Amino acid sequence: MSTTNHKVIIRNLTKSKSISDSNLKDSLFELLNMCIKISTLRNCIKIKKEKKQRYAVILLRNPNEVFEVLDRLKNRRSRNTFGFDFQSLADKDVDIDVEMELPERYYRKGQYIDRETRQMEFKLGGGDYVRKYLKEDVLKYVCGYLNGRSTGTLFIGVNDDGHVVGVNCEEEDKIRREYIDQSIRAIKPPVDNIEYNVEFIPVEVNGKLRANCKVIEIIVFKKKQLNRLFDSKGHVYMRREGSVSDFTAAEVQDWIFQIKDMLLVSIARMKIKFAEFTLTKASEISNHL
């Protein structure tokens, strides 16, 4: 799950000693809930001080709320539509300054990640990709990574050259639930939730995050043991260098023979260990007679 923190910082708050930190919290609470119509809790508003100047850090629920606050408070003209007394927040003729706190993890537009490898696959994700192609790619690549017995990541919103572009994620929860999780549930045998992870990483442009622009990362963790191949709608996929391909009948048969040989080797080793254990115990008993 995403570890993104959705925070807005409001600077240049009043220096008046007659307005306490608690008063500022009350005013900000009213501004958010009554004027901007964003439901938030009072304990999500923190008043801090830097070089004798107070500022507020406000924790919000999602990026959409962050962008709504930035848009509604960006200048005096937009603020004047509220009918709110901003002198309860700032001194006369002093403009409040509103900014977004960048999350701990984000990508920059155009940032180079790496080249595609067996462990990394990039999809641009432009246009109507999420609705038309995301499900199929999730099925193929998650299945391929699981069968490849190696950790792998499918990046959506990164071009073939490894540079970040971002993909529109206006309905993040819906994308996760109906396109990603639902597709993975169609893989057989069932894939456990701990065997993969989904992250929506924000994209920054010129110091600001773009609304709903994310890189989707679907990370598939290495299987310690693979007793049977995973299949998707009757297809058995395997991740190879730079691509994912469907197993042929001959390849599936070869895999079965390999597993059979590995099993026979394991049984033989167990027999040897058991024989050694039996001889050791027999020798110990003989020594005590």
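This section describes the fold, cores, strand pairing and selected residues of a predicted model.

The protein has 289 residues, of which 43% count as buried. Its secondary structure comprises seven helices and 14 strands. Contacts between distant parts of the sequence are frequent. Among contacts joining residues at least 6 apart in sequence, 72% link residues at least 24 apart.

The largest nonpolar core holds 30 residues. Within this core, I10, L31, V69 and L73 touch the most other members. Six elements each give two or more residues to the core: strands β1 (7-11), β2 (45-50), β3 (53-59) and β4 (97-101), together with helices α1 (21-35) and α2 (63-72). Helix α1 contributes the most, with five residues. A second core is separate and has 29 residues, including L146, I156, V167 and V220.

V69 shows how the largest core is joined across the sequence. Beyond its neighbours within four places in sequence, V69 contacts V8, L32, I36, I38, L60 and V98.

Helix α1 has 15 residues. From first C-alpha to last, α1 reaches 20 Å, close to the 21 Å expected at 1.5 Å a residue. Its buried residues are L24, K25, S27, L28, L31, L32, N33 and C35. In an α-helix, residues three or four places apart point the same way, because there are 3.6 residues a turn. The cover over the buried residues of α1 includes β1, β2, β3 and α2. Just after the helix, K37 adopts a positive phi of about 65°.

Strand β1 pairs with two of the strands named above. With β3, β1 runs antiparallel and is joined by four bridges. I10 has A56 as its bridge partner in β3. The pairing of β1 with β4 is also antiparallel, over five bridges. Here K7 stands opposite E101 of β4.

The loop between β1 and α1 contains T14. Relative accessibility of T14 is 1%, so this residue counts as buried. Its side chain reaches the backbone nitrogen of S16 at 3.0 Å. Leaving aside residues within four places in sequence, T14 is in contact with I19, L24, R54, L89, A90 and D91. One of these, L24, is a buried residue of α1.

Further along the chain, strand β10 spans residues 196-205. Eight of its ten residues are buried, so β10 is largely enclosed by the rest of the structure. In a regular strand, side chains alternate between the two faces of the sheet. Strand β10 has pairings in both senses. Strand β5 (residues 107-108) runs parallel to β10 and is joined to it by two bridges. Strand β11 (residues 208-220) pairs with β10 in the antiparallel sense, over nine bridges. E204 of β10 takes part on both sides. This residue stands opposite R108 and opposite L209 in β11.

Strand β14 (residues 243-246) includes V244. V244 is buried, because its relative accessible area of 12% is under the 20% cut-off. Excluding residues up to four places away in sequence, V244 touches K140, Y141, G144, Y237, M238 and R239. Y141 is 103 residues from V244 in sequence. In space, their C-alpha atoms are 6.7 Å apart.

The cysteines were examined for disulfides, and the count comes to zero. C143 is buried, with a relative accessible area of 0%. C169 is likewise buried, at 2%. The closest cysteine sulfur to that of C169 is in C213. The distance between these sulfurs is 7.8 Å, too far for a bond, because a disulfide requires sulfur atoms within 2.5 Å.

Definitions and conventions:
Residues numbered from 1 in each chain as written. Predicted model: local features only at pLDDT ≥ 70, side-chain atom pairs only at ≥ 80, totals over all residues. Heavy atoms only, no water. Core = buried A, V, L, I, M, F, W, Y, C linked by side-chain atoms within 4.5 Å. Buried < 20%, exposed > 50% of the residue type's maximum accessible area, 1.4 Å probe, protein only. Contact = heavy atoms within 4.5 Å. Pairing = 2+ DSSP bridges. Expected span 1.5 Å × (residues − 1). Polar contact = N/O pair within 3.5 Å; in protein donor to acceptor, adjacent residues only side chain to side chain.
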